[in-house]
Amino acid sequence: MSADFLLLPCTASLHIEYVNRERIRSSRLIDVKRFVCNSPRGHVQAFCHQRRMTRTFSYSGMVSVIDVATGEIIEPERLFL
């Protein structure tokens with residue numbers, strides 16, 4: 001990752017619909033720990049409850065995002081703003 005990207009700490013529980021590089025779609029509950037705030041090609045680092053480990057999820061793979069605490073639907077392309 002370029003030094004121009006900012007990886008910031010964050011605490012959020014999200015329910016995401018995600019499509020990975022192999023085009024496999026899955027539904028995940030994740031607890032975000034860090035995120036890239038200034039790039040649409042960025043990602044979040046989060047604890048994935050399905051895999052029971054920290055994983056990286058790219059913004060481009062997120063089809064839908066819901067904030068578990070508030071129920072807010074977040075447009076995936078707006079995550080990096």
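A residue is called buried when its relative accessible area is under 20%, and exposed when that figure is over 50%. Keep these cut-offs at hand for the tour, and remember that what you have open is a predicted model.

**Stop 1: the sheet**

Switch to a cartoon view and look for the strands. Six of them form an open sheet in the order 4-3-2-1-5-6, with antiparallel pairing. Now find the two edges: strand 4 and strand 6 (73-74) each have a single partner strand, so one side of each is left without a neighbour in the sheet.

**Stop 2: strand 1 and its partners**

Select residues 7-19, which make up strand 1, and then 25-36, which make up strand 2. How many bridges join strand 1 to strand 2? There are eleven, and the two strands run antiparallel. Together they form a hairpin, with five residues between them.

Next, add residues 62-67, which are strand 5. Strand 1 pairs with strand 5 too, in the antiparallel sense and over five bridges.

To see both pairings from one place, centre the view on His-15. Facing His-15 in strand 2 is Leu-29, while in strand 5 the bridge partner of His-15 is Ile-66.

From strand 5 you can step on to strand 6. These two strands run antiparallel and are joined by two bridges. Select Val-65 and you will find Ile-74 of strand 6 opposite.

**Stop 3: an aromatic pair**

Show the side chains of Tyr-18 and Phe-57. A search of the whole structure finds one aromatic pair, and the rings of Tyr-18 and Phe-57 make it up, with centres 5.1 Å apart. Are these rings stacked or edge-to-face? Their planes stand at 90°, so the pair is edge-to-face; the cut-off for that description is an angle over 60 degrees. Tyr-18 belongs to strand 1 and Phe-57 to strand 4, so the contact ties together parts that are 39 residues apart in sequence. Using the cut-off from the start of the tour, both Tyr-18 and Phe-57 are buried.

**Stop 4: the largest pocket**

Keep Tyr-18 selected and add Asn-20, Arg-21, Arg-55 and Thr-56. Among the 13 residues that line the largest pocket, these five lie nearest its centre. The volume of the largest pocket is about 320 Å³.

Which strand gives the largest share of the lining? Strand 4 does, with four residues. Strand 1, strand 2 and strand 4 (53-58) each supply at least two residues. If you colour the lining by class, you will see four nonpolar, four polar and five charged residues.

**Stop 5: two arginines in loops**

Finish with the backbone. Most residues other than glycine have a negative phi. Select Arg-23 to see a positive one: its phi is about 65°, although Arg-23 is not a glycine. You will find Arg-23 in the loop between strand 1 and strand 2, in the turn of the hairpin from Stop 2. Is Arg-23 buried or exposed? Its relative accessibility is 73%, so Arg-23 counts as exposed.

Then move to Arg-52, in the loop between strand 3 (43-48) and strand 4. Phi of Arg-52 is also positive, near 60°. At 70% relative accessibility, Arg-52 counts as exposed.

Technical notes:
Residues are numbered from 1 along each chain as its sequence is written. This is a predicted model: local features need pLDDT of at least 70, side-chain atom pairs count only at pLDDT 80 or more; totals for chains, interfaces and linings use all residues. Side-chain values use heavy atoms; hydrogens and water are left out. On a 1 Å grid over the protein atoms alone, a cavity is a set of points where a 1.4 Å probe fits but cannot get out, and a pocket is an open set with protein on both sides within 12 Å along at least five of seven lines; lining residues have an atom within 4 Å of a point. Grid points are joined across faces, edges and corners, and a volume is the space filled by probe spheres set on the points. Ala, Val, Leu, Ile, Met, Phe, Trp, Tyr, Cys and Pro count as nonpolar, Asp, Glu, Lys and Arg as charged, and the others, Gly among them, as polar. Two strands pair if DSSP finds at least two bridges between them. Rings of Phe, Tyr and Trp (its six-membered ring) pair if their centres lie within 6.5 Å; planes under 30 degrees apart count as stacked, over 60 as edge-to-face and the rest as tilted. Buried means under 20% relative accessible area, exposed over 50%, partly exposed in between (1.4 Å probe, protein chains only).
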